[in-house]
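Please go through the model below with a few questions in mind, on charged pairs, enclosed and open space, and helix packing.

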Amino acid sequence: MTRKRPAKPITTTEKVLDIQDYLKYKNKRDYVLFIVGVTTGYRAGDLVILKARDIREALRKSEFTILEGKKKNSKNIREKNRKPRTVEIIPKVDKLLKDYIKDKKDYEYIFQSRKGINRPIGVQAVSNILKEAGEYFGLYDISAHSMRKTYAYKIYIESDRDIVAVKELLWHRSIEETKLYIGLDREKYHQYSKSLGDYVRWYFLFLSMNV
């Protein structure tokens, strides 16, 4: 059985903006969901179940406070450690969300599925949407979880590569977990592998010597 490849972060601002614009022209729901995902680092499963009343409460406080599903449902976390994660809503997102929910009723899911009435979109559907958008711009292994990883990678770069800061923001248990999560070891290995090219002369030079 083929092993599923882990989701990758989107590592450049240009590509994040490209995908954002691509989604904006296709579907406002997907556009807003993507922006909230990459600016809060919440998992897609925690975002799709938000209702308009949840958003209004978050906007009133200028922050989200969500008990993440993975922490809530894990049997390996002690009850005292099941605490909600709080994330600031940045001004641009505040404005976007206010506009997006202005006509929605409190009980309505804000990221609704096209199937049924007042049902949230599924995480797999979000993955399919982002996979299509990513591939349009030459990015592969992009899924719903890429939003959270993109958030983490941006924090890592903007904090001058402070892996501890990322670990704390994601509530990971170890630095090794965080490094693996955002693919730092894989990124370093790729850079080291590229350096091996120094051992090989350009192929066209070799051909010109043998004409």
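Q: How many salt bridges does the structure hold?
A: This is a predicted model, in which local features need pLDDT of at least 70 and side-chain atom pairs count only at pLDDT 80 or more, while totals for chains, interfaces and linings use all residues. Residues are numbered from 1 along each chain as its sequence is written, and side-chain values use heavy atoms, with hydrogens and water left out. Taking a salt bridge as a side-chain nitrogen of Lys or Arg within 4 Å of a carboxyl oxygen of Asp or Glu, the number held by the structure is 16.

Q: Which residue forms a salt bridge with R5?
A: The closest N and O atoms of this pair are 2.9 Å apart. The pair links distant parts of the chain, 136 residues apart, with R5 in the segment before α1 and its partner in the loop between α7 and α8. That partner is D141.

Q: Which element gives the most to the lining of the largest pocket?
A: The largest pocket (on a 1 Å grid over the protein atoms alone, an open set of points with protein on both sides within 12 Å along at least five of seven lines) holds about 560 Å³ of space, as filled by probe spheres set on the points. Its lining, meaning residues with an atom within 4 Å of a point, comprises 21 residues, of which T13, V16, V38, T39 and K154 lie nearest the centre. Two or more of them come from each of α1 (13-26), α2 (28-40), α6 (91-101) and α8 (146-158), where helices are DSSP runs (H or I, at least four residues) numbered from the N terminus. With seven residues, the element that gives the most is α8.

Q: What is the volume of space in the largest cavity?
A: A cavity is a set of grid points where a 1.4 Å probe fits but cannot get out, and the structure holds one of 30 Å³ or more. D30, L33, F34, V126, I129, L130 and M147 line the largest cavity, with α2 and α7 (123-136) each supplying at least two residues. The space in this cavity is about 40 Å³.

Q: At what angle do α8 and α9 pack?
A: The contact, meaning heavy atoms within 4.5 Å, is made by R148, Y151, A152, I155 and Y156 of α8 and I163, V166, L169 and L170 of α9. The axes, lines fitted to C-alpha atoms over the stretch in contact, are 8 Å apart. On a scale from 0 to 180 degrees between N-to-C directions, the angle is about 145°.
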